[in-house]
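Colleague: Could you take a close look at the charged pairs in this model for me? I'd like to know where they sit and what surrounds them.

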Amino acid sequence: MIISMIQLIFEIPEVQSIKDKRRIIRSIRDKLLHRFHMSVAEVDLQDSLSFAQIGGALVSNSKSFGESVMQKAFEMIERDLPVRIQDMSIHSEEF
């Protein structure tokens, strides 16, 4: 069993309230869940108004498949969503 993970730290420009930030995070989480069938959660920076950190995971039987899904998820966020990526890492572990 291979678990592939992604961790992203990004800036959300022009957010006026925590409520706006939560709406954007929920949208990102829902898109990743429905498009890539991965588990996603906000893992840190919950009290920051303009920054967020999310983590995602996918269980598969192939490291290359899992990491390619994570790369596609990253490209979708970078291309389609109103955020500026500050840091990103992809990692897989075998159990």
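**Charged pairs and their surroundings**

Modeller: Let's begin with Arg79, which counts as exposed because its relative accessibility is 58% and the cut-off for that label is over 50%. Keep in mind that this is a predicted model. The side chain of Arg79 meets that of Asp80 in a salt bridge, with 3.0 Å from N to O. Asp80 is partly exposed, at a relative accessible area of 41%. As background, oppositely charged side chains can pair when their charged atoms come close. In total, the count comes to six salt bridges, and I'll walk you through a few of them.

Next up is Arg84, which forms a salt bridge with Glu11, the closest N and O atoms being 3.4 Å apart. Arg84 lies in strand β4 and Glu11 in strand β1, so this pair ties together parts that are 73 residues apart in sequence. How buried or exposed are the two ends? Arg84 is partly exposed, with a relative accessible area of 45%. Glu11 counts as buried at 19%, because the cut-off is under 20%, so I'd read that label with the number beside it. Glu11 also has company: setting aside residues up to four places away in sequence, this residue touches Ser50, Phe51, Val83, Arg84 and Gln86.

Then there's the group with Glu42. The side chains of Glu42 and Arg22 meet in a salt bridge, 3.4 Å from N to O. Again the pair links distant parts of the chain, with Glu42 in strand β2 and Arg22 in helix α1, 20 residues apart. Arg22 is partly exposed, at 29% relative accessibility. Lys21 joins in too: Lys21, Arg22 and Glu42 are linked in a network of salt bridges. Which residue from a loop touches two members of this network? That's Gln46, whose contacts are Ile18, Lys21 and Arg22, leaving out residues up to four places away in sequence. Gln46 lies in the loop between β2 and β3 and counts as partly exposed, at 31% relative accessibility. For a spacing check, the C-alpha atoms of Gln46 and Leu8 are separated by 13 Å, with their positions 38 residues apart along the chain.

The strands behind these pairs are worth following as well. Five bridges join β2 (residues 39–44) to β3, and the two run antiparallel. Glu42 itself is part of that pairing, with Ile54 as its bridge partner in β3. Ala41 has Gly55 as its partner in β3. The β2–β3 hairpin has six residues between the strands, and there Leu45 takes a positive phi near 65 degrees. On to the pairing of β3 with β1, the strand that holds Glu11: 10 bridges join β1 to β3, also antiparallel. One of the matches is Ile3 with Val59 in β3. β3 is mostly covered, with seven of its 10 residues buried.

So much for the charges; what do they sit around? The largest nonpolar core has 23 residues, and Phe10, Ile12, Ile28, Leu32, Met38, Ile54 and Ile77 are those with the most contacts inside it. Two or more residues each come from β1 (2–11), α1 (18–36), β3 (51–60) and α2 (63–80). α2 gives the largest share, six residues. Ile54, then, appears both among those core residues and as the bridge partner of Glu42. Met38 shows how widely one core residue can reach: not counting residues up to four places away in sequence, Met38 touches Ile6, Leu32, Leu33, Gly56, Ala57, Leu58, Met70 and Ala73.

One more charged residue before I stop: Lys63, in helix α2. Lys63 is partly exposed, with a relative accessible area of 49%. Its contacts, again without residues up to four places away in sequence, are Ile2, Ser4 and Ser92. The C-alpha atoms of Lys63 and Glu94, 31 residues apart along the chain, are 8.2 Å from each other.

Finally, a nonpolar contrast on the surface: Met1, Val59 and Phe95 form a patch there, with about 360 Å² of accessible area together. Val59 is the bridge partner of Ile3, while Phe95 is placed in the segment after β4 (84–94). Phe95 counts as exposed, at 59% relative accessibility.

Conventions: Residues numbered from 1 in each chain as written. Predicted model: local features only at pLDDT ≥ 70, side-chain atom pairs only at ≥ 80, totals over all residues. Heavy atoms only, no water. Core = buried A, V, L, I, M, F, W, Y, C linked by side-chain atoms within 4.5 Å. Buried < 20%, exposed > 50% of the residue type's maximum accessible area, 1.4 Å probe, protein only. Helix = DSSP H or I, 4+ residues; strand = E, 2+ residues; numbered from the N terminus. Contact = heavy atoms within 4.5 Å. Patch = residues over 30% accessible without salt bridge, like charges linked within 9 Å, V, L, I, M, F, W, Y side chains within 5 Å. Areas by Shrake-Rupley, 256 points an atom, 1.4 Å probe, with all protein chains shown as cover. Salt bridge = Lys/Arg side-chain N within 4 Å of Asp/Glu carboxyl O. Pairing = 2+ DSSP bridges.
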